[in-house]
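Dear colleague,

I am passing on the structure we spoke about, together with some notes on what turned up in it. Please look at it below before reading on.

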Amino acid sequence: MSAYKDKDPRIHGIKARIRVVPDFPKPGIMFQDITTLLLDPSAFKDTIDLFVERYKGRNISVVAGVEARGFIFGPPIALAIGAKFVPLRKPGKLPGQVISEKYVLEYGSDCLQMHVGAVEPDDRALVVDDLVATGGTLCAAINLLERVGAQVVECTCVIELPDLKGRERLNGKPLYVLVESH
Amino acid sequence: MFAAENGLKGDPRLEAISRAIRVVPHFPKPGIMFQDITTLLLDHKAFKDTVEIFVDRYRDMDISVVAGVEARGFMFGPSIALAIGAKFVPLRKPRKLPGEVFSEEYVLEYGTDCLQMHVGAVQAGERAIVIDDLVATGGTLSAAIKLLERAGAEVVECGCVIGLPEVKGQRRLDGKPLYILVEPRDIDDCC
């Protein structure tokens with residue numbers, strides 16, 4: 001489900017602030033750059049407000065953000081809804097004991113890690129990232145949270161690339177996005 | 001300068017923030033007592049207080065840019081930016097930012113690293129602060145200051161949650177004021 005479809009008046013301004021950079025990181029990829037959104041305080045605030053309005057009052061106790069752009073959106077949401085923020089990081093970054101989840105890339109694989117003890121079995125979690133493409137990273141995030149017994153309530157991103165069908169790869173977890181890009 | 005010396009002496013929020021930070025010995029290598037702020041992020045009140053202390057300090061200083069250093073600066077900077085109505089500018093490791101960038105190399109214990117900022121993110125004359133979780137030697141913050149100044153911005157202050165002993169007693173870094181909430185703890189201080 002996406003706010004774009006709901007036609008909230010703030011969505012137009014948010015979408016307009018996202019810059020598309022062609023051929024990054026490699027030829028053929030149209031990169032969705034959210035840094036320009038962050039340069040517009042009003043549009044950035046609207047982005048966070050839309051997420052907070054959706055998740056406040058739903059007993060979300062954990063916001064898990066995927067490194068690194070998930071760290072930009074996740075903490076403001078967590079602070080506003082009264083949840084803890086848990087960073088999900090690339091290997092070797094988190095200093096304490098971690099659990100790891102491998103996931104497949106176009107070529108090869110990568111790995112996401114979470115601190116042991118950060119999330120508990122009765123936690124209700126939201127996963128946040130800037131963008132969902134194939135869904136591989138979100139899937140790894142969901143797995144990390146479920147492995148420690150938490151309930152993943154929803155995944156949420158600013159942008160979805162629907163043509164890459166990431167929505168179907170989330171083990172049945174709902175996905176909420178603000179804008180779609182084809 | 002430490003917040004406790006600058007009007008927040010005895011502020012109970014600072015004590016709670018300090019206690020919420022976990023010390024991990026020998027990470028990333030033997031001898032280093034790593035100051036782990038992820039436990040602070042798990043303590044909603046302490047995390048909220050951390051942001052509020054910075055917001056209270058910067059909201060009336062006409063700051064239009066909050067620059068955050070990848071990646072832990074991203075965990076604090078955006079919330080501060082949103083509260084004071086400033087833009088957030090991520091300062092990133094090489095090849096992460098998709099557009100045209102300024103690059104600034106800086107020295108590590110062994111070798112060098114590099115910080116980048118998008119061209120056009122910051123305009124000449126803007127008043128900026130730099131936010132990171134921790135300042136040690138100041139190498140990273142120095143690079144951040146240089147990036148902002150190359151774009152013509154005025155760096156008003158650098159704000160960090162934790163300040164290591166190397167910066168204790170120093171009120172400035174490269175001529176810019178430093179504002180630090182807490183000192184690092186030793187593992188023995190943990191309850």
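How many residue pairs are in polar contact between chain A and chain B? The count is 7 residue pairs, with both residues at pLDDT 80 or more; please keep in mind throughout that this is a predicted model.

The interface

On the wider contact between the two chains, 35 residues of chain A touch 34 residues of chain B. The area buried between chain A and chain B comes to about 2,800 Å², and carbon and sulfur atoms give 71% of that area. Within the share that chain A buries against chain B, Leu39(A), Leu79(A) and Pro95(A) supply 23%, which is more than any other three residues. Although polar contacts are present between the chains, the rule finds 0 salt bridges across the interface of chain A and chain B.

The side of chain A that touches chain B draws on several elements, each supplying at least two residues: strand E1 (19-22), strand E2 (30-33), helix H3 (35-38), H4, H5 and strand E4 (84-88) of chain A. Of the elements on that side, H5(A) gives the most, with 6 residues.

Aromatic pairs

Over all chains, the structure holds 8 aromatic pairs. One of them is formed by Phe44(A) and Phe73(A), whose rings are edge-to-face at 5.9 Å centre to centre, with 85° between the planes. This pair links distant parts of the chain, since Phe44(A) is in helix H4 (residues 41-55) of chain A and Phe73(A) is in helix H5 (residues 70-81) of chain A, 29 residues apart. Phe44(A) counts as buried because its relative accessibility is 0%, and Phe73(A) is likewise buried, with a relative accessible area of 0%.

Another pair is found in chain B, where Phe54(B) and Tyr58(B) are stacked at 6.4 Å centre to centre, with 5° between the planes. Both residues lie in helix H3 (residues 44-58) of chain B, 4 residues apart, or about one turn of the helix. Phe54(B) and Tyr58(B) are both buried, and together with Tyr179(B) they form one aromatic cluster.

Charges over rings, and Glu157(B)

Which residue lies over the face of Tyr179(B)? It is Arg57(B), at 4.0 Å from the ring centre. In chain A, the charged end of Arg54(A) sits over the ring of Tyr176(A), 4.0 Å from the centre of that ring.

Arg57(B) also leads to Glu157(B), as a polar contact of 2.6 Å joins the side chains of these two residues. The side chain of Glu157(B) makes a further polar contact, also listed at 2.6 Å, with the side chain of Tyr58(B), a member of the aromatic cluster described above. Glu157(B) is found in strand E8 (residues 154-163) of chain B. Is Glu157(B) buried or exposed? With a relative accessible area of 3%, Glu157(B) is buried. Leaving aside residues up to four places away in sequence, Glu157(B) touches Arg57(B), Tyr58(B), Ala128(B), Ile129(B), Val130(B), Pro177(B), Leu178(B) and Tyr179(B).

Backbone details to look at

A cis peptide bond joins Glu67(A) and Ala68(A), with omega at about -5°, and Ala68(A) lies in the loop between strand E3 (62-66) and H5 of chain A. In chain B, a cis peptide bond joins Phe27(B) and Pro28(B), with omega at about 0°; Pro28(B) belongs to the loop between strand E1 (22-25) and strand E2 (33-36) of chain B.

Positive phi values are also found in chain B, among them that of Arg95(B), which is about 70° although this residue is not a glycine. Arg95(B) is in the loop between strand E4 (87-91) and strand E5 (101-107) of chain B, and Arg95(B) is exposed, with a relative accessible area of 69%. Asp174(B), which is also a residue other than glycine, has a positive phi near 50°. Asp174(B) lies in the loop between strand E9 (172-173) and strand E10 (176-182) of chain B, and at 47% relative accessibility Asp174(B) counts as partly exposed.

With best wishes

Methods
Residues numbered from 1 in each chain as written. Chains lettered and ligands numbered in written order. Heavy atoms only, no water. Phe/Tyr/Trp six-rings, centres within 6.5 Å; stacked < 30°, edge-to-face > 60°. Buried < 20%, exposed > 50% of the residue type's maximum accessible area, 1.4 Å probe, protein only. Lys NZ or Arg CZ within 6 Å of the ring centre and 35° of its normal. Contact = heavy atoms within 4.5 Å. Buried area = accessible area lost by both parts, 1.4 Å probe. Salt bridge = Lys/Arg side-chain N within 4 Å of Asp/Glu carboxyl O. Polar contact = N/O pair within 3.5 Å; in protein donor to acceptor, adjacent residues only side chain to side chain.
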